[in-house]
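Please take a moment to look at the sequence and the 3D structure together before reading on. The paragraphs below lead through the fold step by step, from pairs of strands to the whole chain and then to single residues.

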Amino acid sequence: MSEALIDRLVEFAESGNQQKIVLNDQTYQGWVMEISDDAILISTGFSDKAGKDYWIKFTDLNQAELSFWDNKTDQWVAFKI
């Protein structure tokens with residue numbers, strides 16, 4: 001894991017109101033909660049009862065589509081790592 005990758009993932013986590021990761025036809029929409037040595041944690045849902053947390057490995061992010069919700073334009077904006 002490079003410092004540049006970590007910096008980009010932090011930038012992704014801080015972008016927009018929510019983040020979205022689409023991987024293998026599965027959509028994870030919510031908030032990036034943590035970045036570990038080899039994965040990113042995204043929390044979905046509105047509360048502990050409805051939401052779930054998912055760890056997505058950095059190696060899987062190469063095949064994923066990342067985007068964030070931009071409140072200024074009210075649309076999802078693609079993000080490249």
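In which sense do strand β3 and β4 pair, and over how many bridges? Strand β3, which covers residues 39-44, pairs with β4 in the antiparallel sense, and the pairing extends over 5 bridges. One place to look for this pairing is I42, whose bridge partner in β4 is Y54. Please keep in mind throughout that the model is predicted, and that what follows describes this model.

Pairings of this kind rest on a general principle. Strands of a sheet pair through backbone hydrogen bonds, and they can do so either parallel or antiparallel. In this protein, 6 strands form an open sheet, in which the order is β4-β3-β2-β1-β5-β6 and the pairing is antiparallel. The edges of the sheet are formed by β4, residues 53-57, and β6, residues 75-79, each of which pairs on one side only. Neighbouring strands of the sheet do not lie exactly along one another, for they are turned by 40 degrees against each other on average, when direction is ignored.

With the order in mind, the other end of the sheet can be followed in the same way. Strands β1 and β5 run antiparallel and are joined by 4 bridges, and within this part of the sheet I21 stands opposite L66 in β5. Strand β5 then pairs with β6, again in the antiparallel sense, over 5 bridges, and here F68 has V77 as its bridge partner in β6. The strands β5 and β6 form a hairpin with 4 residues between them.

How do these strands fit into the chain as a whole? The protein has 2 helices and 6 strands, and when it is read along the sequence these elements follow the pattern α-β-β-β-β-α-β-β. The radius of gyration of the protein is 12 Å, close to the 12 Å that the globule rule gives for 81 residues, so the protein is as compact as a globular protein of that length. Along its principal axes, the C-alpha trace spans about 30 × 30 × 25 Å.

The helix α1 deserves a closer look, since its length can be checked by a simple piece of reasoning. This helix has 12 residues, namely residues 3-14, and at 1.5 Å a residue it should span 16 Å; the C-alpha atoms at its ends are 17 Å apart, which agrees with that expectation. Helix α1 is followed by G16, a residue whose phi is positive, near 65 degrees. As for its place in the fold, α1 lies across β1 (19-23), β2 (26-35), β3, β5 (65-70) and β6, and it runs at about 110 degrees to β2.

Next, consider how the chain is covered and how its parts meet. Of the 81 residues of the protein, 35% count as buried, while the accessible surface comes to about 5500 Å², of which 45% belongs to carbon and sulfur atoms. Among the contacts between residues at least 6 apart in sequence, 37% join residues at least 24 apart.

A single residue can make the idea of burial more concrete. Is T44, which is placed in strand β3, buried or exposed? Its relative accessible area is 15%, and since residues under 20% are counted as buried, T44 is buried. If residues up to four places away in sequence are not counted, T44 touches Y28, Q29, G30, G51, K52 and Y54; Y54 is also the bridge partner of I42 in β4.

Other residues illustrate the opposite case. Most residues other than glycine have a negative phi, and it is therefore useful to find the exceptions to this general rule. One of them is N24, with a positive phi near 55 degrees; N24 lies in the loop between β1 and β2 and, at 65% relative accessibility, counts as exposed. Another is D74, whose phi is likewise positive and near 55 degrees. The residue D74 is placed in the loop between β5 and β6, and at 53% relative accessibility D74 also counts as exposed.

The last stop is K80, which is found in the segment after β6. With a relative accessible area of 65%, K80 is exposed. Between K80 and S67 there are two separations to compare: they are 13 residues apart in sequence, and their C-alpha atoms are 8.2 Å apart in space.

Terms used
Residues are numbered from 1 along each chain as its sequence is written. This is a predicted model: local features need pLDDT of at least 70, side-chain atom pairs count only at pLDDT 80 or more; totals for chains, interfaces and linings use all residues. Side-chain values use heavy atoms; hydrogens and water are left out. The expected span of a helix is 1.5 Å times one less than its number of residues. Two strands pair if DSSP finds at least two bridges between them. Axes are lines fitted to C-alpha atoms, for helices over the stretch in contact, and angles run from 0 to 180 degrees between N-to-C directions. Contact means heavy atoms within 4.5 Å. The radius of gyration is taken over C-alpha atoms; the globule rule is 2.2 Å times the number of residues to the power 0.38. Buried means under 20% relative accessible area, exposed over 50%, partly exposed in between (1.4 Å probe, protein chains only). Accessible areas come from the Shrake-Rupley method with a 1.4 Å probe; for residues, only the protein chains shown count as cover.
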